[in-house]
Amino acid sequence: MITLSSYLIVSFILFLSGVLVMLARKNIIAILLGIELILNASALNFVAYSKFLAGNMDGQIFSLFIIVVAAAEAAVGLAIVIRFYQINESIHIDDAAQLQG
């Protein structure tokens, strides 16, 4: 049987891998992927706590909102990356310093 601690361990691994990807990579797409992993870890936490502790649907509703926000973030982020690549022909985060203004 899967316990709450099993869900929390998987969620922690997802969160940690997302943070490591964000810190280690210089690629904008990889950083967006790391953000997605962090959002998925938080959604898994909400569902696990809702299932084991609360017994209601609040965690599933919050995780649904997280999934919607993650989809919107991916769409907007990918559009920004595509436009950035069209201008600079690079997707490295170091080249984004010229966007400050």
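This is a tour of a predicted model, taken one selection at a time.

**The whole chain**

Begin with the whole protein in cartoon view, where the secondary structure comes to three helices and zero strands, running α-α-α from the N terminus on. Turn the C-alpha trace along its principal axes, and the protein spans about 50 × 25 × 20 Å. Its radius of gyration is 17 Å, whereas a compact globule of 101 residues would have one near 13 Å. If you colour by accessibility, buried residues make up 23% of the 101 residues. Among contacts with a separation of 6 or more, 54% are between residues 24 or more positions apart.

**Helix 2, from end to end**

Next select residues 28–54, which are helix 2; its 27 residues reach 38 Å from the first C-alpha to the last, close to the 39 Å expected at 1.5 Å a residue. At the start of this helix, show the side chain of asparagine 27, an oxygen of which reaches to within 3.2 Å of the backbone nitrogen of isoleucine 29. At the other end, the helix is followed by glycine 55, whose phi is positive, near 75 degrees.

Now display the buried residues of helix 2, among them Ile28, Ile31, Leu32, Gly34, Glu36 and Ser50. To see what they pack against, add helix 1 (4–24) and helix 3 (58–88) to the selection.

**The aromatic pair between helices 1 and 2**

Keep helices 1 and 2 in view and select tyrosine 7 and phenylalanine 52. The count of aromatic pairs in the model comes to two, and these two residues form one that is tilted, at 5.7 Å centre to centre with 55 degrees between the planes. The pair links distant parts of the chain, since tyrosine 7 lies in helix 1 and phenylalanine 52 in helix 2, 45 residues apart. As for accessibility, tyrosine 7 is partly exposed, with a relative accessible area of 22%, and phenylalanine 52, at 28%, also counts as partly exposed.

**Helix 3 and the nonpolar core**

Move on to helix 3, whose 31 residues reach 44 Å from the first C-alpha to the last, close to the expected 45 Å. Its buried residues are Gly59, Ser63, Ile66, Ala70, Glu73, Gly77, Val81 and Phe84, and what covers them includes helix 2.

In soluble globular proteins, nonpolar side chains tend to be buried together. To look at such a group here, select Ile28, Leu32, Val81, Phe84 and Ala96, the five residues of the largest nonpolar core. The elements that give two or more residues to this core are helix 2 and helix 3. Centre the view on leucine 32 and ask which residues it is in contact with, leaving aside its neighbours within four places in sequence. The answer is Glu73, Gly77, Leu78 and Val81.

**Just past helix 3**

Finish with glutamate 89, which follows helix 3 and has its place in the segment after that helix. Most residues other than glycine have a negative phi. Glutamate 89, however, has a positive value, near 55 degrees, in a residue other than glycine. Is this residue buried or exposed? At 65% relative accessibility, glutamate 89 counts as exposed, because that value is over 50%.

Key: Residues numbered from 1 in each chain as written. Predicted model: local features only at pLDDT ≥ 70, side-chain atom pairs only at ≥ 80, totals over all residues. Heavy atoms only, no water. Helix = DSSP H or I, 4+ residues; strand = E, 2+ residues; numbered from the N terminus. Expected span 1.5 Å × (residues − 1). Buried < 20%, exposed > 50% of the residue type's maximum accessible area, 1.4 Å probe, protein only. Contact = heavy atoms within 4.5 Å. Polar contact = N/O pair within 3.5 Å; in protein donor to acceptor, adjacent residues only side chain to side chain. Phe/Tyr/Trp six-rings, centres within 6.5 Å; stacked < 30°, edge-to-face > 60°. Core = buried A, V, L, I, M, F, W, Y, C linked by side-chain atoms within 4.5 Å. Rg over C-alpha atoms; globule rule 2.2 N^0.38 Å.
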